[in-house]
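Please look over the sequence and the model shown here before reading on. The report after them is meant for a reader who has not met this structure before.

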Amino acid sequence: MTRRTRIKICGLTREVDVDAAVRAGADAVGFVLYERSPRHVTVERAAQLARTLPPFVTPVALFVNAGASHIEAAVRAIPNVVLQFHGDETPDNCWQAGRPYLRAARMAPGFDLLNFALQYPDAQAVLLDAHVDGYGGGGKAFDWSLIPHGVSRPVVLSGGLHAENVIEGIFRVRPWAVDVSSGVESAKGIKDATAVRRFCDAVREADARLVAPQT
């Protein structure tokens with residue numbers, strides 16, 4: 001059986017971009033509920049955008065050290081939301097809302113990803129991003145050789161991905177999913193529909209090449 005690499009398009013702020021992601025074949029779309037981000041949307045706006053999604057495309061709400069009331073408001077407003085934590089959240093913080101969640105890991109030399117993943121056994125996946133000042137990956141790629149074998153949770157590869165490098169990333173890392181934001185933008189928070197399509201097409205090409213007969 002062929003395993004398909006899942007695709008998440010993050011940092012959406014407009015209905016037209018949600019539609020472009022869906023038409024391109026995205027499995028999930030992300031809304032940034034962190035006020036310091038240039039891609040920030042309110043809970044109310046995220047709920048509006050999520051209501052345009054068809055069945056089987058998952059809305060994801062991204063938080064950074066958010067209070068419980070903020071997270072609970074998102075869960076109430078977007079009933080099928082998956083949570084994504086990019087700050088200093090503990091396992092208890094991540095699970096307090098009782099929703100499926102992703103835990104971001106900031107990759108840098110010396111970071112113990114194996115131990116980190118073991119601390120979050122309830123996470124649906126660990127999302128690997130670049131370690132930069134502040135929170136989030138800043139559109140920067142990290143050294144994929146830092147990823148050890150045997151991570152206990154499914155891996156989502158993120159950080160500086162775009163159509164030109166995602167095939168190599170899938171070949172080298174074999175992630176469960178890939179996550180892109182700035183790599184498909186014309187401006188911060190504004191997605192380019194052509195870039196979104198090219199990214200999704202590249203992921204599908206990688207999957208096809210992985211199962212193609214070798215000659």
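The sections below describe the sheet, then two of its strands, and then three helices.

## Basis of the description

This is a predicted model, in which local features need pLDDT of at least 70 and side-chain atom pairs count only at pLDDT 80 or more, while totals for chains, interfaces and linings use all residues. Residues are numbered from 1 along each chain as its sequence is written, and side-chain values use heavy atoms, with hydrogens and water left out.

## The barrel

A closed barrel of 8 strands follows the order β1-β2-β3-β4-β5-β6-β7-β8, with parallel pairing; strands pair if DSSP finds at least two bridges between them, and helices (H or I, at least four residues) and strands (E, at least two) are DSSP runs, numbered from the N terminus. From one strand to the next the twist averages 30°, where axes are lines fitted to C-alpha atoms, for helices over the stretch in contact, and angles run from 0 to 180 degrees between N-to-C directions.

Helix α7 (residues 193–211) packs on the sheet and touches β1 (6–9) and β8 (177–180), contact meaning heavy atoms within 4.5 Å. The direction of α7 makes about 160° with that of β1.

## Strands β3 and β4

Strand β3 (residues 58–63) runs parallel to strand β4 (residues 82–85), and 4 bridges join them. Valine 60 has valine 82 in β4 as its bridge partner, and phenylalanine 63 stands opposite phenylalanine 85 in β4.

Val82 and Gln84 point one way from β4, whereas Leu83 and Phe85 point the other way, and all are buried (buried means under 20% relative accessible area, exposed over 50%, partly exposed in between, with a 1.4 Å probe and protein chains only).

## Helix α3

In helix α3 (residues 68–77) the buried residues are Ile71, Ala74 and Val75. Seen down the axis of α3, they fall within an arc of 100°, so they line one face of the helix; the arc is that of the directions from the helix axis to the C-beta atoms. These buried residues pack against α2 (43–50), β3 and β4, whereas Ser69 and Arg76, on the other side of α3, are exposed.

## Helices α6 and α7

The axes of helix α6 (residues 166–173) and α7 come within 8 Å and cross at roughly 40°. Residues of α6 that meet α7 include Ile170 and Phe171, and among their counterparts in α7 are Phe199 and Val203.
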